Amino acid sequence: MSVEGYIGLPPDSSGKRVRTIVKQIEGESRHHEVFCITSPRTLLGVYHYCSSMVSGSTSADFIYHAILNPSDSDRNMALRRIILHIVSVKQATPIEIAVWRITSLSGGVDVDPSRICKKDTNYADPIVIIREGSETNPISTTIENKICGTMTPINAGQYLWIEFNFANAVDQRSDFILHAGEGICMRNEQAGDVDFRILWIIEWEEFKGIGVIT
């Protein structure tokens, strides 16, 4: 069984002051020390991006969307959330579409940075590079590790909406940290189908400082 108690401290002096909340308990003033839970990161902004919906490609390893922390960046990125949305407008052959970590990015069509939504309009402008692939201007990357993936829908009118969450604000260990020169892409794992319609939604933060607490 636990009971209310306290520890007596020396009288107040002229040293540094500790912030407390004072409560009256059993007729005595008890000081509850205030703790500020913070992060080792200096947050510069949190951002949300919803891509255009593009048509499926018949090419194996075709990259639809990519995002990169530039190689000269002075920030890190922490992926919070990825949502994949895939629709089949006709009967289609199912394949796997996956998200990969990448370490280079070339080709594709640059996305206007104004399409990136700041989760607070007072945040600094994002520095990421976002591109969409096309058959005439495909994206080329250096593939590293698979992060997540899903199978495409089969029947006409069938759709898939799947969310992958990585953020853990408690221990600061569960985010995917993307340093300068690192990013992610969304690609076909087999030859696809033009009857797919594909988009992704990404949420991330940009920060300076320590990526994770060890």
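The following exercises, each with a worked solution, concern a predicted model of a protein chain.

**Exercise 1. Confidence of the model**

Determine where in the protein chain confidence is lowest and where it is highest.

Solution. Begin with the chain as a whole: the protein chain averages a pLDDT of 90, and 93% of the residues score at least 70. Next, turn to the individual elements. Strand E2, residues 28-33, has the lowest confidence, with a mean of 85. Strand E9, residues 117-118, has the highest, at 97.

**Exercise 2. Overall form**

State how many helices and strands the protein chain has, and explain why it is described as more spread out than a compact globule.

Solution. First, count the elements: there are zero helices and 15 strands in the protein chain. Second, compare the radius of gyration with the globule rule. The rule gives 17 Å for 214 residues, whereas the radius of gyration of the protein chain is 24 Å, well over that value; the chain is therefore more spread out than a compact globule. Third, consider the dimensions: along the principal axes, the C-alpha atoms fill a box of roughly 75 × 45 × 30 Å. Fourth, consider the surface. The protein chain has an accessible surface of about 12,300 Å², and carbon and sulfur atoms account for 52% of this area. Of the 214 residues, 42% count as buried. Finally, among contacts with a separation of 6 or more, 85% are made by residues 24 or more positions apart.

**Exercise 3. Strand pairing**

Establish the order of the strands in the open sheet of six strands, and identify the partners of E3 in E15 and E9 by residue.

Solution. Start with the open sheet. Its strand order is E8-E10-E5-E14-E7-E11, with antiparallel pairing. Strand E8 (109-110) and E11 are the edge strands, as each pairs on one side only. At the E8 edge, two bridges connect E8 with strand E10 (residues 129-132) in the antiparallel sense; here Asp110 has Arg131 in E10 as its bridge partner.

Now turn to E3. This strand runs antiparallel to E15, to which nine bridges join it, and Tyr49 stands opposite Ile202 in E15. E3 also runs antiparallel to E9, with two bridges between them; in that pairing, His48 stands opposite Cys117.

**Exercise 4. Nonpolar cores**

Identify which residues touch the most other members of the largest nonpolar core, and which strands each supply at least two of its residues.

Solution. The largest nonpolar core contains 32 residues, and the members that touch the most others are Ile67, Ile184, Trp200 and Trp204. The strands that each supply at least two residues are E3 (41-50), E5 (63-68), E6 (76-88), E7 (96-107), E11 (139-151), E12 (159-165), E14 (183-188) and E15 (196-209). A second core, separate from this one, has nine residues, including Ala66, Leu68, Leu105 and Cys185.

**Exercise 5. Positive phi angles**

For Glu26 and Asp61, give the phi angle, the loop and the degree of exposure.

Solution. Take Glu26 first. Although Glu26 is not a glycine, its phi is positive, at about 55 degrees. Glu26 is located in the loop between strand E1 (20-25) and E2. Its relative accessible area is 67%, so Glu26 is exposed.

Then take Asp61. This residue is likewise not a glycine, yet has a positive phi of about 65 degrees. The loop between strand E4 (54-55) and E5 contains Asp61. With a relative accessible area of 42%, Asp61 is partly exposed.

Conventions:
Residues numbered from 1 in each chain as written. Predicted model: local features only at pLDDT ≥ 70, side-chain atom pairs only at ≥ 80, totals over all residues. Heavy atoms only, no water. Core = buried A, V, L, I, M, F, W, Y, C linked by side-chain atoms within 4.5 Å. Buried < 20%, exposed > 50% of the residue type's maximum accessible area, 1.4 Å probe, protein only. Helix = DSSP H or I, 4+ residues; strand = E, 2+ residues; numbered from the N terminus. pLDDT = per-residue confidence, 0-100. Pairing = 2+ DSSP bridges. Rg over C-alpha atoms; globule rule 2.2 N^0.38 Å. Contact = heavy atoms within 4.5 Å. Areas by Shrake-Rupley, 256 points an atom, 1.4 Å probe, with all protein chains shown as cover.
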